[in-house]
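Student: I have a new model open in front of me and would like to learn how to read it. Could you walk me through it, step by step?

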Amino acid sequence: MEEENNRTETSIKTSPHRERICKCGCGESFIPKRRDQVYKNSRHANYAYNHGKRKQKTFGQKTAESQLRKNDKILEKYYKLCEKEVVIVFSLNLISDGFDHSFYIGNESKEGFMYSKTYNYLFYEYEKNGRKLTRIIKQKNKIYVKR
Ligand SMILES: [Zn+2]
């Protein structure tokens, strides 16, 4: 936890770092105590953690990546749970786990289905008896993702 940075005046004299704008989106400036300090204090850091990613458009790219990773993990969970070549689950189950069908990295046609790709899996959503289902298969050629 970082300390409250209330004594701005003394910080100006002692800190070797330049004043910067807090990254939480509050617009306030502060004198960092450490080179890698990006938030004014722990309160601002917590705020950014809870709200920042959704509020700031500059985080859009990062959010897309994290949703893709999340999608991949959720598909993996169901795929491993069922232990089949082709896994079919109710889309609602995926969604309640945080899956978002609109995030994928490409398409691939297989066995007559136009699948959407995540890093390691392919999914295809369709409707049957008024319920949405998602068909999941594993990708043959894994895409290695650097973290
Ligand atoms: Zn802030």
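**Reading the model together**

Tutor: Let's start at one spot: Leu 92 sits in helix α4 (residues 91-96). Helices here are DSSP runs of H or I with at least four residues, strands are runs of E with at least two, and both are numbered from the N terminus. Keep in mind that this is a predicted model, in which local features need pLDDT of at least 70, side-chain atom pairs count only at pLDDT 80 or more, and totals for chains, interfaces and linings use all residues. Residues are numbered from 1 along each chain as its sequence is written.

Student: Is Leu 92 buried, exposed or partly exposed?

Tutor: The general idea is to count neighbours: a residue is buried if 20 or more other C-beta atoms lie within 10 Å of its own, exposed if 12 or fewer, and partly exposed in between, with C-beta atoms placed from the backbone. Leu 92 has 13 other C-beta atoms within 10 Å, so it is partly exposed. Look also at Thr 134: its C-alpha atom is 9.1 Å from that of Leu 92, although the two are 42 residues apart along the chain.

Student: How many helices and strands does the protein chain have, and in what order do the elements run?

Tutor: There are four helices and seven strands. Starting at the N terminus, the order is α-β-β-α-α-β-α-β-β-β-β. Of the 147 residues in the protein chain, 18% count as buried.

Student: Which strands make up the open sheet?

Tutor: Two strands pair if DSSP finds at least two bridges between them. Here five strands form an open sheet in the order β3-β7-β6-β5-β4, with antiparallel pairing. At the edges are β3 (86-90) and β4, each of which pairs on one side only. On average, neighbouring strands of this sheet are turned by 35 degrees against each other, direction ignored. For that angle, axes are lines fitted to C-alpha atoms (for helices over the stretch in contact), and angles run from 0 to 180 degrees between N-to-C directions.

Student: How many bridges join β3 to β7, and how many join β6 and β7?

Tutor: β3 and β7 are antiparallel and joined by five bridges; Val 86, for example, has Ile 137 in β7 as its bridge partner. β6 and β7 pair over eight bridges, also in the antiparallel sense. Ile 137 is the bridge partner of Leu 122 as well, while Tyr 126 is matched with Leu 133 in β7.

Student: What about the other end of the sheet: does β4 lie largely in the open or is it buried?

Tutor: Strand β4 (residues 106-110) has five residues and the number buried is zero, so it lies largely in the open. Five bridges join this strand to its antiparallel partner β5 (residues 113-117), and one pair to find on screen is Ser 109 with Met 114.

Student: What should I look for in the turns of the hairpins?

Tutor: Check phi. Most residues other than glycine have a negative phi. In the hairpin of β4 and β5, with two residues between the strands, Glu 111 takes a positive phi near 50 degrees. Glu 111 counts as exposed because it has 9 C-beta neighbours inside 10 Å.

Student: Which residue has a positive phi in the turn between β6 and β7?

Tutor: That is Asn 129, with a phi of about 50 degrees, in a hairpin that also has two residues between its strands. The loop it occupies joins β6 (121-128) and β7 (131-138). Asn 129 has 5 C-beta neighbours inside 10 Å, so it too counts as exposed.

Student: Where is the largest nonpolar core?

Tutor: In soluble globular proteins, nonpolar side chains tend to be buried together. A nonpolar core here means a set of buried Ala, Val, Leu, Ile, Met, Phe, Trp, Tyr and Cys residues joined through C-beta atoms within 7 Å. The largest one has 13 residues, and those with the most contacts inside it are Leu 75, Tyr 121, Leu 122, Phe 123 and Ile 136. The elements giving two or more residues to this core are α3 (60-82), β6 and β7. Of these, β6 gives the most, with four residues. Apart from this core lies another, of six residues, including Cys 22, Phe 30, Ile 31 and Tyr 39.
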